[in-house]
Amino acid sequence: MKKISTILFATTLGLFSLASCSNDDNAPVVDNTNHLLGKWTLNTMSLKSTENGEVVQEFEDMPVQEVMTWEYTFKEDNTFEYLMAVPQAQLEEKGVGTYSKNGNSITITVDGDPATFEIKALDAKNLHLKNTEEYEADGIKFVDVTEQKFIK
């Protein structure tokens, strides 16, 4: 009789511990890592330009490493450093700016000039920024959509 009670007690304990493990497995995992922080290097770029709704230029995921260097280094204090260089044209620009992230958008400000991008992807190794610029000149409506894909 003692053996049966011991077995029932051990079985009950085992069932309770399995039930608690099961609840732990279903708990959502919250990742509070700020993946934006650190140095990002432009890997590929896409562009679609239209004039009055007609596509005049389009390319997708064009590698840029051999043509240009574009880097952002985001810091915790909402500042960043940037480097943009086109060696063949002997152009280079370095500087600092500020940024603010709100949901899936980021506004980057350099010299008081803000630019807002939609964050299409952000994880430990990838940052994809999309920007749409619309303007009109000489009665022509221009729309430029760019997507920049950065890697860490």
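This section describes the fold, strand pairing, loop residues and pockets of a predicted model.

The chain holds 1 helix and 9 strands. In order from the N terminus, the elements run α-β-β-β-β-β-β-β-β-β. The chain has 152 residues, and 24% of them count as buried. Among contacts in the chain with a separation of 6 or more, 39% are between residues 24 or more positions apart. The exposed surface of the chain amounts to about 10,700 Å², of which carbon and sulfur atoms supply 53%.

Strand pairing was examined for β6, β7 and β8. Strands β6 and β7 run antiparallel and are joined by 6 bridges. One of the residues involved is Thr 107, whose bridge partner in β7 is Thr 116. These two strands form a hairpin with 2 residues between them, in which Asp 111 adopts a positive phi near 50°. On the other pairing, β7 and β8 are antiparallel over 4 bridges. Here Glu 118 has Lys 130 of β8 as its bridge partner. The hairpin connection from β7 to β8 consists of 3 residues.

Positive phi values also occur in loops. Asn 52, in the loop between β1 and β2, has a phi near 50°, which is positive in a residue other than glycine. Asn 78 is placed in the loop between β3 and β4; its phi is positive as well, at about 65°, although the residue is not a glycine. Asn 78 has a relative accessible area of 34% and is therefore classed as partly exposed, since that class lies between the cut-offs of 20% and 50%.

The largest pocket encloses about 380 Å³ of space. Its lining comprises 16 residues, and Trp 70, Tyr 72, Ala 115, Phe 117 and Gln 148 lie nearest the centre. At least two lining residues come from each of β3 (69-74), β4 (79-86), β6 (105-110), β7 (113-122), β8 (126-137) and β9 (140-151). By class, the lining of the largest pocket contains 9 nonpolar, 3 polar and 4 charged residues.

Gln 148, one of the residues nearest the centre of the largest pocket, belongs to strand β9. Its relative accessible area is 3%, so Gln 148 counts as buried, the limit for that class being under 20%. Leaving aside residues up to four places away in sequence, Gln 148 touches Leu 42, Thr 44, Met 45, Trp 70, Phe 117, Leu 127, His 128 and Leu 129. Trp 70 and Phe 117, which appear among these contacts, are also listed with the residues nearest the pocket centre.

The second largest pocket has about 160 Å³ of space. It is lined by Ser 46, Leu 47, Lys 48, Glu 58, Phe 59, Glu 60, Asp 61, Lys 130, Val 145, Thr 146, Glu 147 and Lys 149. Two or more of these residues are given by each of β1 (38-51), β2 (54-63) and β9. The lining of the second largest pocket divides into 3 nonpolar, 2 polar and 7 charged residues. Lys 130, part of this lining, is also the bridge partner of Glu 118 in the pairing of β7 with β8. Strand β9 contributes to the lining of the second largest pocket and to that of the largest pocket.

Terms used:
Residues are numbered from 1 along each chain as its sequence is written. This is a predicted model: local features need pLDDT of at least 70, side-chain atom pairs count only at pLDDT 80 or more; totals for chains, interfaces and linings use all residues. Side-chain values use heavy atoms; hydrogens and water are left out. On a 1 Å grid over the protein atoms alone, a cavity is a set of points where a 1.4 Å probe fits but cannot get out, and a pocket is an open set with protein on both sides within 12 Å along at least five of seven lines; lining residues have an atom within 4 Å of a point. Grid points are joined across faces, edges and corners, and a volume is the space filled by probe spheres set on the points. Ala, Val, Leu, Ile, Met, Phe, Trp, Tyr, Cys and Pro count as nonpolar, Asp, Glu, Lys and Arg as charged, and the others, Gly among them, as polar. Two strands pair if DSSP finds at least two bridges between them. Buried means under 20% relative accessible area, exposed over 50%, partly exposed in between (1.4 Å probe, protein chains only). Contact means heavy atoms within 4.5 Å. Accessible areas come from the Shrake-Rupley method with a 1.4 Å probe; for residues, only the protein chains shown count as cover.
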